[in-house]
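Visitor: I have a structure open and would like to go through it piece by piece. Can we start with whatever you find easiest to point at?

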Amino acid sequence: MSNFAIIKFSEIFINPLKQFVVDIGNSRIKTAQFEGQRMLDEVYFEDFDAFRRFSMTISFDHALISSVTYTEEALQELLDFPFLFLSKSTLIPIKNLYATPETLGVDRKAAAVGARCILEKGPLLTIDMGSCITYEFLDEEDQYFGGAISPGLKMRFRAMHQQTARLPLLDLPAGERPELIGNSTEKGMKSGVYFGIRHEMLGFIEAYQAKYPNLRVIICGGDSKIFESLTKDHIFVIPNLVLYGLNRILTYNVHLQ
């Protein structure tokens with residue numbers, strides 16, 4: 001059964017409400033306030049207490065929280081405001097054709113919905129660069145089919161460090177561009193991770209474009225800025241895409257009430 005209904009969003013935003021959306025991930029808490037489709041601000045937190053204190057200083061009409069680390073019950077105990085908790089049963093403005101919808105991460109759905117907020121027509125491939133790299137495909141009829149999951153940047157560095165005896169634990173800052181030929185162990189590791197991910201993404205894009213010639217691509221997530229050089233006329237880098245998706249999901253549910 002699909003959690004999908006038809007709503008004309010052009011009719012919703014005539015008198016926009018102020019909304020607060022929260023994405024609690026594995027390493028950071030990302031928040032944004034919206035008025036209609038317009039993002040008013042974007043604030044990130046490293047710890048929960050700082051986020052909780054911030055939430056007490058702002059006002060909004062509705063809120064939605066997506067979390068991979070806290071349950072809905074735990075958040076209700078910790079927070080002082082009512083909110084919609086994004087779960088597998090939450091209604092979404094796309095048709096979910098995933099074969100095992102009960103196993104689909106809510107962040108993956110939010111990324112696909114966010115992509116449709118930015119690009120309103122045509123087939124879309126969303127590449128979300130978080131702890132894992134997820135590929136989400138949405139066709140021109142807003143049907144979500146799934147995609148692929150692979151290890152993220154930090155996960156690849158951590159795997160090399162933990163599963164070998166001598167390789168160090170490295171990272172790749174957003175402004176650093178590794179050389180193709182690494183003339184040291186550290187440079188070789190950085191080259192392998194950076195170009196491995198780059199060619200993986202380009203390979204996926206090419207394969208999808210062979211089936212869907214009008215495909216457009218949005219790259220988002222915490223590590224997306226590292227790959228901003230991939231931006232072209234059909235490839236866009238929008239790091240905070242999931243927040244736009246959460247806002248659209250919240251609006252969709254508020255107007256179904």
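Guide: This is a predicted model. Start at helix α6: what covers its buried residues includes β7 (124-129), β8 (132-138), β9 (143-151), α5 (153-162), β10 (216-220) and β11 (235-237).

Visitor: Which residues of α6 are the buried ones?

Guide: They are M189, K190, S191, V193, Y194, F195, I197, E200, M201, I205 and Y208.

Visitor: How far apart are the ends of α6?

Guide: The end C-alpha atoms are 39 Å apart. Helix α6 has 27 residues (185-211), and at 1.5 Å a residue it should span 39 Å, so the two values agree.

Visitor: What about F204, buried or exposed?

Guide: In between. F204, which sits in α6, has 26% relative accessibility and therefore counts as partly exposed. Leaving out residues up to four places away in sequence, F204 touches Y135 and A148. The C-alpha atoms of F204 and I127 are 9.7 Å apart, although 77 residues separate the two in sequence.

Visitor: Change of topic. How many disulfides does the structure hold?

Guide: Zero. A disulfide is a covalent bond between the sulfur atoms of two cysteines.

Visitor: Why is C117 not bonded to C220?

Guide: The sulfur of C220 is the closest cysteine sulfur to that of C117, but the distance is 12 Å, so it is too far for a bond. To count as a disulfide, the sulfur atoms must be within 2.5 Å. Seen from the other side, C220 is in no disulfide either, and its nearest cysteine sulfur is that of C117.

Visitor: Are those two buried or exposed?

Guide: C117 has a relative accessible area of 15% and is therefore buried. C220 is buried too, with a value of 0%.

Visitor: Which other residues of α4 are buried along with C117?

Guide: The buried residues of α4 also include V106, R108, K109, A110, A111, A112, V113, G114, A115 and R116. In total, eleven of its 13 residues are buried, so the helix is mostly covered. From first C-alpha to last, α4 reaches 19 Å, close to the 18 Å expected at 1.5 Å a residue.

Visitor: How does α4 sit against α7?

Guide: The axes of α4 (residues 106-118) and α7 (residues 241-254) come within 7 Å and cross at roughly 90°. The two helices are therefore roughly perpendicular to each other.

Visitor: Which residues make the contact?

Guide: On α4 they are D107, A110, A111, V113, G114, A115, C117 and I118. On α7 they are L241, V242, Y244, G245, L246, R248 and I249. This contact has eleven nonpolar, two polar and two charged residues.

Visitor: And α7, how much of that helix is buried?

Guide: Of the 14 residues in α7, 13 are buried, and the helix is mostly covered. Its end C-alpha atoms are 20 Å apart, which agrees with the 20 Å that 14 residues should span at 1.5 Å a residue.

Visitor: Now the loops. Where is L86, and what does it touch?

Guide: L86 is in the loop between β5 (84-85) and β6 (95-96). Not counting residues up to four places away in sequence, L86 touches L64, I65, S66, V106, L246 and I249. L86 is buried, with a relative accessible area of 2%. The C-alpha atoms of L86 and D23 are separated by 9.7 Å, with their positions 63 residues apart along the chain.

Visitor: Last one. What is the phi of D142?

Guide: Positive, about 60°, although D142 is not a glycine. D142 lies in the loop between β8 and β9.

How values were computed. Residues numbered from 1 in each chain as written. Predicted model: local features only at pLDDT ≥ 70, side-chain atom pairs only at ≥ 80, totals over all residues. Heavy atoms only, no water. Helix = DSSP H or I, 4+ residues; strand = E, 2+ residues; numbered from the N terminus. Expected span 1.5 Å × (residues − 1). Buried < 20%, exposed > 50% of the residue type's maximum accessible area, 1.4 Å probe, protein only. Contact = heavy atoms within 4.5 Å. Axes fitted to C-alpha atoms, helices over the stretch in contact; angles between N-to-C directions. Parallel < 35°, antiparallel > 145°, perpendicular 65-115°, else oblique. Nonpolar A, V, L, I, M, F, W, Y, C, P; charged D, E, K, R; others polar.
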